[in-house]
Amino acid sequence: MLVISRIFHLILTPSGQPGPVENIIAGLVLGPSLLCKIKKLQEFFIQSSSIEYYQLLTFNFRVIFMFLIGLDTDVPYMRRNLRLASTLAFEGIIACTLFGAASAIAILRLLK
């Protein structure tokens, strides 16, 4: 984990990414989402006798991670920018809905 994290640090530091982002990406690469899809690597990193332990440990770390994110939340900043953030969020929802509807209509016409 530390070696992969250091590799991502060397790659992403020139682009201005902070250390925690590099650690999260290293965890995604090593976790069950990417490299552990390869059967040999999964057998090497995650032994079958300790799967329940890993599941409990990952759940606990997710809870701790989300708690730490909650501690860093700047509520007064959120209140000051609530109107702008909600406007952008709703515009994004509307744009995605319209794009999805247009894509669905185009695909249905192509399939007929």
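This passage describes selected helices, a surface patch and an annotated segment in a predicted model.

Helix α1 spans residues 2-12, and its buried residues are Ser5, Phe8 and Leu12. Viewed down the axis of α1, these buried residues lie within an arc of 65°, so they line one face of the helix. The spacing fits a general rule: an α-helix has 3.6 residues a turn, so residues three or four places apart point the same way. The buried residues of α1 pack against α2, which covers 19-30. On the other side of α1, the residues Leu2, Val3 and Leu10 are exposed. Helix α1 thus has a buried face and, on its other side, exposed residues.

Helix α4 comprises residues 51-71 and contains Leu57. Leu56 is also placed in helix α4. The two leucines fall into separate accessibility classes. Leu57 has a relative accessibility of 30% and therefore counts as partly exposed, a class that lies between the limits of 20% for buried and 50% for exposed. Leu56 has a relative accessibility of 52%, and because exposed means over 50%, Leu56 counts as exposed. Along the chain, Leu56 is 15 residues from Leu41, and the C-alpha atoms of this pair are separated by 21 Å.

A nonpolar patch is found on the surface of the model. Its members are Tyr53, Leu57, Phe61, Ile64, Phe67, Leu68 and Leu71, and together they have about 730 Å² of accessible area. Leu57 is thus both a member of this patch and a residue of helix α4.

Helix α6 is formed by residues 82-111 and includes Arg109. The relative accessible area of Arg109 is 65%, so this residue is exposed. Arg109 and Ala26 are 83 residues apart in sequence, and their C-alpha atoms are 43 Å apart in space.

An annotation is also available for part of the chain. According to an unreviewed UniProt entry, the feature "transmembrane region" is placed at residues 92-111. In the predicted model, the chain over residues 92-111 is 100% helix and 0% strand. The C-alpha atoms at the two ends of this segment are 28 Å apart. The "transmembrane region" label comes from the UniProt record, whereas the helix content and the end-to-end distance are computed from the model.

Methods:
Residues are numbered from 1 along each chain as its sequence is written. This is a predicted model: local features need pLDDT of at least 70, side-chain atom pairs count only at pLDDT 80 or more; totals for chains, interfaces and linings use all residues. Side-chain values use heavy atoms; hydrogens and water are left out. Patches are made of residues with over 30% relative accessible area and no salt bridge: like charges are joined within 9 Å, nonpolar side chains (Val, Leu, Ile, Met, Phe, Trp, Tyr) within 5 Å. Accessible areas come from the Shrake-Rupley method with a 1.4 Å probe; for residues, only the protein chains shown count as cover. A salt bridge is a side-chain nitrogen of Lys or Arg within 4 Å of a carboxyl oxygen of Asp or Glu. Helices (H or I, at least four residues) and strands (E, at least two) are DSSP runs, numbered from the N terminus. Buried means under 20% relative accessible area, exposed over 50%, partly exposed in between (1.4 Å probe, protein chains only). UniProt positions are given in the numbering used here, feature names are shortened, and annotations may be inferred rather than shown by experiment. The arc is that of the directions from the helix axis to the C-beta atoms. Contact means heavy atoms within 4.5 Å.
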